[in-house]
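Biologist: Could you walk me through this structure while I have it open? I am new to reading models, so plain sentences would help.
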Amino acid sequence: MKKIITLAVLLFSFVSVAQIKVLETVPVEKLGKVNNNYIQKIGDEYTVYYTSIVSDDEDSSSLRKFSFKNVNNDYASLYSIIMNGFNATPLYDIKLELPNNYIWLHYTGNTLPEKSTVQFMVSSKDASSGSSNVSEPFVKDQINKLFQK
């Protein structure tokens, strides 16, 4: 019986000593960048960081973000949706639903497509935070650069 108890104590002490684990790291890849705005990819998750020019928070000119997983090629779909909005006549807002946010693509501009802009208007789905932010305006070339197209 003493041998079994000694063996059990020895086994438990060995297991409890192993507190450090080596975790697999996923590389962080920065995609396109425009001014302080950029897209970052970690595994299959994309995060869009943007400078907020209008915010419900006191610090309105800070870097904000929204994220989504690349399920069913959503990264390319988001790019296509944004670019197709530039060609719409008249320009109209497009509402998107992400896992944690609602995003409106707000288009402004005149009859010249080169002068049209899009802004991300992001609001949280979480009712307790209830924050909403608006990005700086992007022209078509800046969206191409941001998405590395």
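Biologist: What share of the contacts with a separation of 6 or more comes from residues 24 or more positions apart?
Modeller: In this predicted model, residues 24 or more positions apart account for 40% of the contacts in the chain that have a separation of 6 or more.

Biologist: And how many helices and strands are there in the chain?
Modeller: The chain has three helices and eight strands, and if you read along the sequence you meet them in the pattern α-β-β-β-β-α-β-β-β-β-α.

Biologist: How much of the chain counts as buried?
Modeller: Of its 149 residues, 34% count as buried. The area that the chain exposes comes to about 9900 Å², and carbon and sulfur atoms supply 56% of that area.

Biologist: I keep looking at strand 7, so how many of its residues are buried?
Modeller: Six of the eight residues of strand 7, which covers residues 117-124, are buried, so this strand is largely enclosed by the rest of the structure.

Biologist: Which strands is strand 7 joined to?
Modeller: Strand 6, residues 101-108, runs antiparallel to strand 7 and is joined to it by eight bridges; in one of the pairings, threonine 108 has threonine 117 of strand 7 as its bridge partner. Strand 8, residues 132-135, also runs antiparallel to strand 7, with three bridges between them, and there the bridge partner of valine 122 is asparagine 133.

Biologist: What about methionine 121, is it buried, partly exposed or exposed?
Modeller: Methionine 121, which lies in strand 7, counts as partly exposed because its relative accessibility is 28%, and the partly exposed class takes in values between 20% and 50%.

Biologist: Which residues does methionine 121 touch, leaving out those up to four places away in sequence?
Modeller: Methionine 121 touches Tyr102, Ile103, Trp104, His106, Asn133 and Val134. You can also look at serine 132, which is eleven residues from methionine 121 along the chain, with 7.1 Å separating their C-alpha atoms.

Biologist: Changing topic, what joins strand 1 to strand 2?
Modeller: Strand 1 (residues 28-34) and strand 2 (residues 37-42) run antiparallel and are joined by five bridges, and valine 34 has asparagine 37 of strand 2 as its bridge partner. The hairpin that these strands form has two residues between the strands, and asparagine 35 lies in that loop.

Biologist: What is the phi of asparagine 35?
Modeller: Asparagine 35 has a phi near 55°, which is a positive value in a residue other than glycine. As background, most residues other than glycine have a negative phi.

Biologist: Where is asparagine 72, and what is its phi?
Modeller: Asparagine 72 sits in the loop between strand 4 and helix 2, and although it is not a glycine, its phi is positive, at about 55°. Asparagine 72 counts as exposed because its relative accessibility is 70%, and the exposed class begins over 50%.

Biologist: Last topic, how much space lies in the largest pocket?
Modeller: The largest pocket holds about 170 Å³ of space, and its lining includes Phe68, Lys69, Leu78 and Pro99.

Biologist: Which elements supply that lining, and what classes of residue does it have?
Modeller: Strand 4 (63-69), helix 2 (74-87) and strand 5 (94-97) each supply at least two residues of the lining, with the largest share, three residues, coming from helix 2. By class, the lining of the largest pocket has seven nonpolar and three charged residues, and no polar ones.

Note on methods. Residues numbered from 1 in each chain as written. Predicted model: local features only at pLDDT ≥ 70, side-chain atom pairs only at ≥ 80, totals over all residues. Heavy atoms only, no water. 1 Å grid on protein atoms, 1.4 Å probe; cavity = no way out; pocket = protein on both sides within 12 Å on 5 of 7 lines; lining within 4 Å. Points joined across faces, edges and corners; volume = space filled by probe spheres on them. Helix = DSSP H or I, 4+ residues; strand = E, 2+ residues; numbered from the N terminus. Nonpolar A, V, L, I, M, F, W, Y, C, P; charged D, E, K, R; others polar. Pairing = 2+ DSSP bridges. Buried < 20%, exposed > 50% of the residue type's maximum accessible area, 1.4 Å probe, protein only. Contact = heavy atoms within 4.5 Å. Areas by Shrake-Rupley, 256 points an atom, 1.4 Å probe, with all protein chains shown as cover.
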